[in-house]
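Work through the exercises below with the sequence and the model at hand. Each task is followed by a stepwise solution.

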Amino acid sequence: MMGLMASDETRTETRTEAPTEARAQARAGSGVPEVPGDAPATRAWTTWTTRLLMLGIVLAAVNLRPAITSLGALLEEVRDGLGMSGSIAGLLTSVPPLCFAVFGVTAPRLARRFGPGAVVCAGMVAITAGLLIRPYAGGTGGFLAATALALMGIAVSNVLMPVIVKRYFPDRVGSMTGLYSMALAFGTSVAAAATVPVTDALGGHWQPGLAVWAVLPALAVLPWIPFVRNRKAPTATAPSTPPGPGPQGEKPAEQPPLRITRSRTAWALAVFFGLQATAAYITMGWMAQIFRDSGVSAGTAGLLLAVIMVMGVPLAFVIPRVATRLPHQGPIVAVLGVCGLAGYAGLYFAPVGGAWAWALLLGVSNCAFPLALTMVGMRARTGAGVAQLSAFAQSTGYLISIPGPLLVGVLYQHSGGWGLPIALMSALMVPQIVVGVLAGRNRTVEDEAAR
């Protein structure tokens, strides 16, 4: 798959001839090594470097959720081992979106200063350190602090993935978004399914069962090292209208940041992101328990949750590719929302008899996440615009998602059943469809913010 994309990239870029001086400047600014002749330099970027960057994107995406789902699988053992109170354990379900909101907003500024490749590389180092430290931190405070360190690395990488795709693969936003969304879904489902068996294989102790997931982000650091000093997109094509020097040869001034809050599309995308994240975290935190309380065995409930997560693997690759071919992504939003409503209705009326069908429908509905990421890349014209939109939509969205899992737990505790929580999940799907349709309109935040 990566080889096919790389070959497509080669065919696209080798057709373009730029003046020799422009090519030299592009190579100097991008960090691509200077070699004799234009063709070898182009081939160097479009084969080895492109594939290395694709590998880095895939490995980074795989590591964006195991820190969360591996903890969920061993939460009872962690509580017993640390003497963690029930209220603190309950708050753990809201720590990830809180950290994503707080730390994600810093990603564009860090990327402007150090380059997106360097920030993602540092993010993978932070995930590795956090996952290694937290099982052996020695107390609840240390455990939470190390978890926050790992989530900080995840947060900045979350925001910068659409930015990197827009910058390095501007003509393949759908394909590349689908690729890393598929890798993200794969990492999520594997960590959820494999943590308990791996822990048993390591002697049944929860500490090594959690620490072992530090291996994957450590491996993900390696392909990003060559891009640490690379702050510009290394393309063989010169800009069609390059910015000229200012008066007396001065460099042109940087464009001021967008007033992103003036864009209705940015707000619609942020709310859509928040509502789909609410559904995702409710699913990860409570869906297995819903099935178990309905009479499904524990093992089968785990498999049903795995089905919901695994559905994101193929669909996360297909949906972004389809979305980029449509002028309006509203129809896809509506289809995913209807699948969610049907799944919740089935879960309410026949939770056991149609359990597998409801899991499939809810798995389809949860694929609103890759669609949201794709729309982030489509609703801004420039890399800087994508960075601001991604930070705003994700940070605001994750703040919106914080109360959802907690509210489900409160409703379940006070009502003694899952009727009210399922009704809440269904009700939230309606505004998700509405704002998703608004966010899917063919317009850019640059145009709206300038009004």
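Contact means heavy atoms within 4.5 Å. The model is predicted, with local features needing pLDDT of at least 70 and side-chain atom pairs counting only at pLDDT 80 or more, while totals for chains, interfaces and linings use all residues. Residues are numbered from 1 along each chain as its sequence is written, and side-chain values use heavy atoms, with hydrogens and water left out.

**Exercise 1. Surroundings of two threonines**

Task: Find which residues Thr-374 touches, not counting residues up to four places away in sequence, and do likewise for Thr-199.

Solution.
Step 1. Thr-374 is found in helix H19; helices (H or I, at least four residues) and strands (E, at least two) are DSSP runs, numbered from the N terminus.
Step 2. With residues up to four places away in sequence set aside, Thr-374 touches Val-173, Thr-177, Pro-320, Ala-323 and Thr-324.
Step 3. Thr-374 counts as buried because its relative accessibility is 0%. Buried means under 20% relative accessible area, exposed over 50%, and partly exposed in between (1.4 Å probe, protein chains only).
Step 4. Pro-320 and Ala-323 are buried residues of H16, as are Gly-312, Val-313, Ala-316, Phe-317 and Ile-319. Helix H16 (residues 312-323) has 12 residues, which should span 16 Å at 1.5 Å a residue, and its end C-alpha atoms are 15 Å apart, which agrees. The expected span is 1.5 Å times one less than the number of residues.
Step 5. Thr-199 lies in helix H11 (residues 173-201) and is buried, with a relative accessible area of 4%.
Step 6. Under the same exclusion of residues up to four places away, Thr-199 touches Leu-74, Gly-204, His-205, Trp-206 and Gly-209. The C-alpha atoms of Thr-199 and Gly-209 are separated by 4.2 Å, although these residues are 10 residues apart along the chain.

**Exercise 2. Helix H21**

Task: Decide which residues of H21 are buried and which exposed residues lie on the face turned away from them.

Solution.
Step 1. Helix H21 (residues 403-415) has 13 residues and reaches 18 Å from its first C-alpha to its last, close to the 18 Å expected at 1.5 Å a residue.
Step 2. Gly-404, Pro-405, Val-408 and Gly-409 are the buried residues of H21. They cover an arc of only 135 degrees around the axis, so they sit on the same side of H21. The arc is that of the directions from the helix axis to the C-beta atoms.
Step 3. The cover over these buried residues includes helix H14 (264-293), helix H20 (383-401) and helix H22 (419-439).
Step 4. Exposed Gln-413 and His-414 are carried on the face of H21 turned away from its buried side.
Step 5. After H21 comes Gly-416, with a positive phi near 75 degrees.

**Exercise 3. Salt bridges**

Task: State how many salt bridges there are and describe the pairs.

Solution.
Step 1. A salt bridge is a side-chain nitrogen of Lys or Arg within 4 Å of a carboxyl oxygen of Asp or Glu. The count comes to three.
Step 2. Arg-381 and Asp-447 meet through their side chains at 2.8 Å, N to O. This pair links distant parts of the chain, 66 residues apart: Arg-381 is in the loop between helix H19 (368-378) and H20, and Asp-447 is in helix H23 (residues 445-449). Asp-447 is partly exposed, with a relative accessible area of 39%.
Step 3. Arg-172 and Asp-171 form a salt bridge at 2.7 Å, N to O. Arg-172 counts as buried at 11% relative accessibility, whereas Asp-171 counts as partly exposed at 45%.
Step 4. Glu-448 and Arg-443 form a salt bridge at 3.8 Å, N to O. Glu-448 counts as buried at 6% relative accessibility, and Arg-443 counts as partly exposed at 31%.

**Exercise 4. The chain as a whole**

Task: Summarise helices and strands, burial and contact separation.

Solution.
Step 1. The chain has 23 helices and zero strands.
Step 2. Of its 451 residues, 51% are buried.
Step 3. Among contacts in the chain with a separation of 6 or more, 83% are between residues 24 or more positions apart.
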